[in-house]
Amino acid sequence: MEMYILLGFVLLLSIFLGLELIAKVPSTLHTPLMSGANAISGIALVGALMLSGDGQTQNLLAFGAILFASINVFGGYLVTNRMLSMFKKK
Amino acid sequence: MESITNISAIQNLVYIGSSVLFILGIKMLGKEATAVKGNYLSALAMFSAVAITCLSLEIDYKVIVAGVLLGGLIGSAIAIKVKMTAIPEMVALFNGFGGLATFLIAWSQFNTPDNSVFQHALIMLTVYIGGITFSGSLVAYGKLSERIKLGKGSWVTNVLISFFYLSLPALVYVIFEPSISTVLPSVPSYFLFFLGLTLIAGLGFVTPIGGGDMPVVISLLNSLSGIAAAFAGLLLLNNVLIVAGSLVGASGLILTVIMAKAMNRTIGNILFVGYASATQSSGKVEQGEVKPISAEDAYLILENASSVLIVPGYGMAVAQAQHVVREKWANY
């Protein structure tokens with residue numbers, strides 16, 4: 001239980017940090033920022049890699065989680081990068 | 001579970017490092033000059049967190065290699081090939097896949113033996129948020145790419161909405177299932193029912209919302225997928241999942257509020273009232289309507305205008321119009 005209290009502490013602090021980080025963002029950057037944050041939520045890939053268990057069901061669930069999280073990560077970062085390249089001054 | 005608690009010290013140190021990089025990355029993404037660099041930083045953070053996790057794998061490495069390779073290939077192919085104007089709906093689709101991943105993670109954890117009451121509750125919450133994010137994002141994708149034309153008022157929409165409201169008490173039931181199944185009759189395969197109900201509920205959550213409000217909804221769903229990842233982190237006792245997940249959850253929520261404000265709307269108005277009734281309502285909140293016009297009409301109106309306010313957005317950047325606008329602006 002002590003572990004959960006510690007992790008709950010980390011959770012709360014990160015939430016406050018997240019709220020503070022996005023205070024003043026120019027509206028041109030709303031969509032790229034959303035896309036960039038979306039790529040970060042692909043961190044679920046780390047969770048998918050930590051899955052355990054034997055048997056076909058567990059392997060299939062892990063494979064699915066890894067597959068979809070990877071699509072999220074790769075697609076998310078590449079798309080964000082493409083979007084940001086639009087903002088470069090010609 | 002026991003193997004997860006002894007993640008080596010090195011792994012945790014790297015997790016701290018990548019958490020810091022994620023924070024810096026998001027911060028830099030919020031400024032035009034540093035945005036590209038910020039994206040690279042957060043990609044570096046992602047890479048190091050994933051790489052160090054690979055040091056202690058429990059499932060067959062073939063499953064992992066196959067999943068990452070295939071997923072990376074599909075994701076990259078979509079990202080490179082997609083048309084610039086179609087990117088917002090692609091973000092919705094990717095976000096949905098992230099939600100699906102947390103949904104599957106929680107499902108897999110449900111199948112492991114000896115979950116405590118607290119872990120059981122976490123599993124159900126993660127399934128619910130992940131599932132809503134997945135099916136909701138699919139609808140958002142369908143609406144933006146104009147594949148789904150269902151709107152408010154259609155009977156299908158109304159049925160889906162009822163499922164959404166049905167899912168809320170169902171969520172409460174499954175969270176407390178271990179403790180109340182001694183009192184109430186327990187449903188043997190309730191978990192599978194709940195998985196299905198969650199997915200339908202996600203459809204009901206987004207379907208009544210109009211296509212024009214989709215960017216705000218996608219931002220909200222993005223925030224939800226972050227929260228789901230943070231819950232999955234609590235479930236798996238993983239620091240970096242919690243930090244990155246709740247960063248996305250919180251910043252996504254703020255971004256949603258900012259985007260809604262930029263449209264002169266509130267989030268409650270967008271989610272539960274809808275566009276059609278928003279224009280009818282009167283009150284202190286200013287309401288407006290977007291009026292598309294042709295170039296000639298715009299010229300006539302602008303020629304006679306005494307003052308013009310230009311609000312740049314993603315559309316302007318896609319059209320590469322921002323530099324032209326800036327040059328013209330400098331002439332006045």
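In this report, helices are DSSP runs of at least four residues, numbered from the N terminus. By that rule, Glu146(B) falls in the loop between α6 and α7 of chain B. The model is predicted.

**Helix α6 and the loop after it**

Start with α6(B). This helix has 28 residues. From its first C-alpha to its last it reaches 40 Å, close to the 40 Å expected at 1.5 Å a residue. α6(B) is mostly covered, with 23 of its 28 residues buried.

Then comes the loop. Ser145(B) sits there, between α6 (117–144) and α7 of chain B. Is Ser145(B) buried, exposed or partly exposed? Ser145(B) is partly exposed, because 15 other C-beta atoms lie within 10 Å, and the partly exposed class falls between 12 or fewer for exposed and 20 or more for buried. Setting aside neighbours within four places in sequence, Ser145(B) is in contact with Ala86(B) and Glu89(B). Ser145(B) and Ser189(B) are 44 residues apart in sequence, and their C-alpha atoms are 36 Å apart in space.

Glu146(B) comes just after α6(B) and takes a positive phi of about 60 degrees. That is a positive value in a residue other than glycine. Leu237(B) also has a positive phi, near 55 degrees. Leu237(B) lies in the loop between α9 (214–236) and α10 (239–262) of chain B. The table sets out the surroundings of these loop residues.

| Residue | Other C-beta atoms within 10 Å | Class |
|---|---|---|
| Ser145(B) | 15 atoms | partly exposed |
| Glu146(B) | 9 atoms | exposed |
| Leu237(B) | 17 atoms | partly exposed |

**Helices α7 and α8**

Two packed helices are described by the angle between their axes and the distance between the axes. Take α7 (residues 155–180) and α8 (residues 190–206) of chain B: their axes come within 8 Å and cross at roughly 145 degrees. The crossing of α7(B) past α8(B) is left-handed. On the α7(B) side, the contact residues include Leu160(B), Phe163(B), Phe164(B) and Glu177(B). On the α8(B) side, they include Tyr190(B), Phe194(B), Leu197(B) and Gly204(B). Sorted by class, this contact has 14 nonpolar, three polar and one charged residues.

**Helix α4 of chain B**

α4(B) spans residues 61–81 and has 21 residues. Its end-to-end reach, C-alpha to C-alpha, is 30 Å, close to the 30 Å expected at 1.5 Å a residue. Which residues of α4(B) are buried? They are Ile64(B), Gly67(B), Val68(B), Gly71(B), Gly75(B) and Ala79(B). These residues cover an arc of only 90 degrees around the axis, so they lie on the same side of α4(B). The other side of α4(B) holds exposed residues: Lys62(B), Val65(B), Ile80(B) and Lys81(B). What covers the buried residues? The cover includes α3 (44–49) and α4 (55–85) of chain A.

**Where the chains touch**

How many residues does each chain give to the contact? Chain A gives 71 residues and chain B gives 92 residues. On the chain A side, the elements that give two or more residues are α1 (2–21), α2 (30–40), α3 and α4. The largest share of that side, 27 residues, comes from α4(A). By class, the chain A side divides into 44 nonpolar, 24 polar and three charged residues. α4(A) thus appears twice in this picture: it gives the largest share of the chain A side, and it is among the elements that cover the buried residues of α4(B).

Note on methods
Residues numbered from 1 in each chain as written. Chains lettered and ligands numbered in written order. Predicted model: local features only at pLDDT ≥ 70, side-chain atom pairs only at ≥ 80, totals over all residues. Axes fitted to C-alpha atoms, helices over the stretch in contact; angles between N-to-C directions. Left-handed = near helix turned anticlockwise from the far one by under 90°. Contact = placed C-beta atoms within 7 Å. Nonpolar A, V, L, I, M, F, W, Y, C, P; charged D, E, K, R; others polar. Expected span 1.5 Å × (residues − 1). Arc of directions from axis to C-beta.
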